[in-house]
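Here is a short set of questions and answers for a reader meeting this structure for the first time.

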Amino acid sequence: MGDTVRGVYDTRDIFVVVGIVIVVGVLLYFLRQLRRNMVPELANAPVAADENVTTSREALSRAQRFANAGDYRAAVRQLYLATLLLLDERGRVPYDPSLTNREYLRAAAIEPAVEHALRPIVETFD
């Protein structure tokens with residue numbers, strides 16, 4: 001009977017060792033994949049924040065460059081500026097850099113559809 005009990009423990013020991021080897025192998029695999037997928041934080045060259053944007057197309061292009069560079073805050077700002085410039089280009093809301101976001105909403109209230117479309121953009125920007 002002593003041989004039967006010892007045989008069960010031998011088998012259990014083999015399973016424990018195999019299990020440990022599998023766990024270590026999986027951990028090494030994940031660490032290797034993690035190191036392989038790491039990239040430097042500033043992989044792209046920074047985009048200069050030039051305030052001389054005069055058209056909505058230019059602001060939209062700059063927003064895309066900021067987003068590609070990973071500067072999402074500046075990208076959202078440029079998208080908001082592109083929206084304001086587009087409204088100015090179409091004669092809906094005059095663009096004035098000295099106005100606040102809420103003042104733009106009041107100016108857009110003349111046309112309810114424009115104000116309705118601009119409100120979520122202003123709230124996101126704020």
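The questions below go from the whole chain to its helices, cores and largest pocket.

Q: How many helices and how many strands make up the secondary structure of the chain?
A: The model is predicted. From the N terminus on, its elements run α-α-α-α-α. The secondary structure therefore comes to 5 helices and 0 strands.

Q: What percentage of the residues of the chain count as buried?
A: A residue is buried when its relative accessible area is under 20%. The chain has 126 residues, and the share of them that counts as buried is 20%.

Q: What length does helix H3 reach from its first C-alpha to its last?
A: Helix H3 covers residues 72-89, which makes 18 residues. At 1.5 Å a residue, 26 Å is expected for H3. The model comes close to that, with a reach of 25 Å.

Q: Which helices are included in what covers the buried residues of H3?
A: The buried residues of H3 include Ala74, Gln78, Leu81 and Leu85. Among what covers the buried residues of H3 are three stretches, 56-69, 101-108 and 112-125. These are helices H2, H4 and H5.

Q: Which residue just after H3 takes a positive phi?
A: H3 ends at residue 89. Just after H3, a positive phi of about 75° is taken by Gly91.

Q: Which helices each supply at least two residues of the largest nonpolar core?
A: The largest nonpolar core has 10 residues, including Tyr80, Leu84, Tyr104, Leu105, Leu118 and Val122. At least two residues of this core come from each of H3, H4 and H5. Apart from it lies another core, of 5 residues, with Val53, Ala59, Ala82 and Leu85 among them. For the largest core, the helices asked for are H3, H4 and H5.

Q: Which residues does Leu105 touch, not counting those up to four places away in sequence?
A: Leu105 is one of the residues of the largest nonpolar core. Leaving out residues up to four places away in sequence, Leu105 touches Glu115, Leu118, Arg119 and Val122.

Q: Why does Asn101 count as buried?
A: Asn101 lies in helix H4. Leaving aside neighbours within four places in sequence, Asn101 is in contact with Tyr80, Val122, Phe125 and Asp126. The cut-off for buried is under 20%. Asn101 counts as buried because its relative accessible area is 15%.

Q: Which element gives the largest share of the lining of the largest pocket?
A: The largest pocket holds about 230 Å³ of space. Its lining has 12 residues, of which Arg77, Tyr80, Leu81, Leu84 and Tyr95 lie nearest the centre. H3 and H4 are the elements that give two or more residues to this lining. The largest share, 4 residues, comes from H3.

Q: How many residues in the lining of the largest pocket are nonpolar?
A: The lining of the largest pocket includes 3 charged residues and 1 polar residue. The nonpolar residues in this lining number 8.

Technical notes. Residues numbered from 1 in each chain as written. Predicted model: local features only at pLDDT ≥ 70, side-chain atom pairs only at ≥ 80, totals over all residues. Heavy atoms only, no water. Expected span 1.5 Å × (residues − 1). Buried < 20%, exposed > 50% of the residue type's maximum accessible area, 1.4 Å probe, protein only. Contact = heavy atoms within 4.5 Å. Core = buried A, V, L, I, M, F, W, Y, C linked by side-chain atoms within 4.5 Å. 1 Å grid on protein atoms, 1.4 Å probe; cavity = no way out; pocket = protein on both sides within 12 Å on 5 of 7 lines; lining within 4 Å. Points joined across faces, edges and corners; volume = space filled by probe spheres on them. Nonpolar A, V, L, I, M, F, W, Y, C, P; charged D, E, K, R; others polar.
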